[in-house]
Amino acid sequence: MKALFLLLCFIVGCTLAMRQQSVAVSGKLMCGSKPASGVKVKLWDEDDGPDPDDVLDEGFTNNDGTFRLEGSERELTNIDPVFKVYHDCDDGIIPGQRKVKFRIPSNYISAGGRAQKTFDIGVLNLETIFPKEERDLL
């Protein structure tokens, strides 16, 4: 009986230790001088170790290239938010999409389920060849 009580206390303690954290990002994507409309954008929590990465929010840019993503996650440690863009700007006929990722500064992480401030990534021209750019074939 004592072991069951200790197990129950452990489970409740772990649950309470999981803090809900939120983050938001917004901006505008361009392909040269034209808005990059319909571009897939995702907000991730990248985790190290055995914990899999979590998609916090995803969507597509509007006709004018603008977007806003917001999401939250319960984690024991601080979340590691990353903004990813999957696009074909200035790509020709190469298979897959160009994938670019940007780390969001930790001071934009809020406690609770709603982001208190939004990281404005500004206007990004997707013709730029970003360092460590990857290809997404799926």
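User: How many salt bridges does the count come to in this predicted model?
Analyst: Side chains of opposite charge can pair when their charged atoms come close. In this predicted model, a pair is counted when a side-chain nitrogen of Lys or Arg lies within 4 Å of a carboxyl oxygen of Asp or Glu. By this rule the count comes to 8 salt bridges.

User: Which residue meets E46 in a salt bridge, and what parts of the chain does the pair tie together?
Analyst: The N to O distance of this salt bridge, which joins the side chains of E46 and K101, is 3.1 Å. Because E46 lies in the loop between β3 and β4 while K101 belongs to strand β7, the pair ties together parts that are 55 residues apart in sequence. E46 has 12% relative accessibility and therefore counts as buried, whereas K101, at 41%, counts as partly exposed. The partner asked for is K101.

User: Which residues are linked with E46 in a network of salt bridges?
Analyst: The salt bridge between E46 and K101 belongs to a network that also takes in K84 and R103. The residues linked with E46 are therefore K84, K101 and R103.

User: Is R98, the salt-bridge partner of E133, buried or exposed?
Analyst: The closest N and O atoms of E133 and R98 are 2.5 Å apart, and the pair links distant parts of the chain, with E133 in the loop between β9 and β10 and R98 in strand β7, 35 residues apart. E133 counts as partly exposed because its relative accessibility is 27%. For R98 the relative accessible area is 4%, and a residue under 20% is taken as buried, so the answer for R98 is buried.

User: Which strands does the salt bridge between E134 and K99 tie together?
Analyst: In this pair the closest N and O atoms are 3.2 Å apart. E134 is partly exposed, with a relative accessible area of 40%, while K99, at 16% relative accessibility, counts as buried. Although E134 and K99 are 35 residues apart in sequence, the pair ties together their strands, β10 and β7.

User: Which strands stand at the edges of the open sheet?
Analyst: Strands of a sheet pair through backbone hydrogen bonds, either parallel or antiparallel. Here 5 strands form an open sheet with antiparallel pairing, in the order β4-β3-β6-β7-β10. Two of these strands have a single partner each, so one side of each is left without a neighbour in the sheet. The edge strands are β4 and β10.

User: Which residues stand opposite K42 in β4 and in β6?
Analyst: Strand β3 is joined to β4 by 6 bridges in an antiparallel arrangement, and β3 also pairs with β6 in the antiparallel sense over 6 bridges. Within the pairing of β3 and β6, V41 has V85 as its bridge partner. For K42, the residue opposite in β4 is E58, and the one opposite in β6 is K84.

User: How many of the residues of β3 are buried?
Analyst: A residue counts as buried under 20% relative accessible area, and by that criterion β3 is mostly covered. Strand β3 is also among the elements that give two or more residues to the largest nonpolar core. The number of buried residues in β3 is 5 of its 6.

User: Which residues touch the most other members of the largest nonpolar core?
Analyst: This core holds 23 residues, and the elements giving two or more residues to it are β1, β3, β5, β6, β7 and β9. V25 has contacts that include L43, F67, F83 and I121, when residues up to four places away in sequence are not counted. The core residues that touch the most other members are V25, L29, F83, V85, F102 and I121.

User: Which residues do ring pairs link into a cluster?
Analyst: The count comes to 4 aromatic pairs; in one of them the ring centres of F83 and F102 lie 6.2 Å apart with planes at 25 degrees, so the pair is stacked. The ring centres of F102 and F130 lie 5.5 Å apart with planes at 90 degrees, so that pair is edge-to-face. F102 and F130 are both buried, and F83 counts as buried at 0% relative accessibility. The cluster linked by ring pairs consists of F67, F83, F102 and F130.

Definitions and conventions
Residues are numbered from 1 along each chain as its sequence is written. This is a predicted model: local features need pLDDT of at least 70, side-chain atom pairs count only at pLDDT 80 or more; totals for chains, interfaces and linings use all residues. Side-chain values use heavy atoms; hydrogens and water are left out. A nonpolar core is a set of buried Ala, Val, Leu, Ile, Met, Phe, Trp, Tyr and Cys residues joined through side-chain atoms within 4.5 Å. Buried means under 20% relative accessible area, exposed over 50%, partly exposed in between (1.4 Å probe, protein chains only). Helices (H or I, at least four residues) and strands (E, at least two) are DSSP runs, numbered from the N terminus. Contact means heavy atoms within 4.5 Å. Two strands pair if DSSP finds at least two bridges between them. Rings of Phe, Tyr and Trp (its six-membered ring) pair if their centres lie within 6.5 Å; planes under 30 degrees apart count as stacked, over 60 as edge-to-face and the rest as tilted.
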